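Here is the note you asked for on this model. Please read it with the coordinates open.

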Amino acid sequence: MARITFFDEQERAILALTEEVTLITGRVSDETYKKAVELFDEKYLAQVIMAIITINAWNRIGVTTQLQPPLN
């Protein structure tokens, strides 16, 4: 049976990196980081990492402050 994937190789690498950074299990695995380095240039990889960190920071601020969207 063929395996259906909805994400291409680059998207899967970003999702894996995002999961490992978000879970903070100690560090990003060597395998995940190596795959990202193979697929992306240094500048783009830095932008991806900063986007992950920024989104995580806003999520933590929202959880800490019990931030709720306005009900209009």
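The points below go from the overall fold to the core, the salt bridges and the surface.

1. Status and fold. This is a predicted model. The protein has three helices and zero strands, and along the sequence the elements run α-α-α. The radius of gyration is 15 Å, well over the 11 Å that the globule rule gives for 72 residues, so the protein is more spread out than a compact globule. Taken along the principal axes, the C-alpha atoms fill a box of roughly 45 × 30 × 25 Å.

2. Burial and contacts overall. Of the 72 residues, 14% count as buried. The protein exposes about 6300 Å², and carbon and sulfur atoms supply 61% of that area. Among contacts with a separation of 6 or more, 56% are accounted for by residues 24 or more positions apart.

3. The nonpolar core. Which residues make up the largest nonpolar core? It has seven residues, namely Ala-13, Leu-17, Ala-36, Phe-40, Leu-45, Val-48 and Ile-52. The elements that give two or more residues to this core are α1 and α3 (42-65). The largest share, three residues, comes from α3. As background, nonpolar side chains in soluble globular proteins tend to be buried together.

4. Val-48. This core residue has its place in helix α3. Its relative accessible area is 8%, under the 20% limit, and Val-48 therefore counts as buried. Leaving aside neighbours within four places in sequence, Val-48 is in contact with Ile-14 and Leu-17. Leu-17 is also one of the core residues. Val-48 and Ile-14 are 34 residues apart in sequence, while their C-alpha atoms are 7.5 Å apart in space.

5. Ala-13. Another member of the core is Ala-13. With neighbours within four places in sequence left aside, Ala-13 is in contact with Lys-35, Leu-39 and Phe-40. Of these partners, Phe-40 is listed in the core, and Lys-35 returns below as a partner in a salt bridge.

6. Thr-32. Is Thr-32 buried or exposed? Its relative accessible area is 10%, and Thr-32 is buried because this value falls under 20%. Thr-32 is found in helix α2 (residues 30-39). Not counting residues up to four places away in sequence, Thr-32 touches Ala-16, Leu-17 and Glu-20. Leu-17 thus appears among the contacts of Thr-32 and among those of Val-48.

7. The salt bridge between helices. The structure holds three salt bridges. In one of them, Lys-35 pairs with Glu-9, the closest N and O atoms being 2.5 Å apart. Lys-35 lies in helix α2 and Glu-9 in helix α1, so the pair ties together parts that are 26 residues apart in sequence. Both partners count as partly exposed: Lys-35 has a relative accessibility of 31%, and Glu-9 has 38%.

8. The other two salt bridges. The side chains of Asp-30 and Arg-27 meet in a salt bridge, at 2.9 Å from N to O. Asp-30 is exposed, with a relative accessible area of 54%, and Arg-27 is exposed, also with 54%. Glu-38 forms a salt bridge with Lys-34, where the closest N and O atoms are 3.6 Å apart. How far apart are Glu-38 and Lys-34 along helix α2? They are four residues apart, so about one helical turn separates them. Glu-38 is exposed, and so is Lys-34.

9. The nonpolar surface patch. Ile-4, Phe-6, Phe-7 and Leu-15 make a nonpolar surface patch of about 500 Å². Phe-6 has its place in the segment before α1 (9-23). Its relative accessible area is 73%, and since this is over 50%, Phe-6 counts as exposed.

10. Points to check in the viewer. For the core, look at the three residues supplied by α3 and at the contacts of Val-48 with Ile-14 and Leu-17. For the link between α1 and α2, look at Glu-9 and Lys-35. For the surface, look at the patch that includes Phe-6 and Phe-7.

Note on methods: Residues are numbered from 1 along each chain as its sequence is written. This is a predicted model: local features need pLDDT of at least 70, side-chain atom pairs count only at pLDDT 80 or more; totals for chains, interfaces and linings use all residues. Side-chain values use heavy atoms; hydrogens and water are left out. Buried means under 20% relative accessible area, exposed over 50%, partly exposed in between (1.4 Å probe, protein chains only). Contact means heavy atoms within 4.5 Å. Patches are made of residues with over 30% relative accessible area and no salt bridge: like charges are joined within 9 Å, nonpolar side chains (Val, Leu, Ile, Met, Phe, Trp, Tyr) within 5 Å. Accessible areas come from the Shrake-Rupley method with a 1.4 Å probe; for residues, only the protein chains shown count as cover. A salt bridge is a side-chain nitrogen of Lys or Arg within 4 Å of a carboxyl oxygen of Asp or Glu. A nonpolar core is a set of buried Ala, Val, Leu, Ile, Met, Phe, Trp, Tyr and Cys residues joined through side-chain atoms within 4.5 Å. The radius of gyration is taken over C-alpha atoms; the globule rule is 2.2 Å times the number of residues to the power 0.38.
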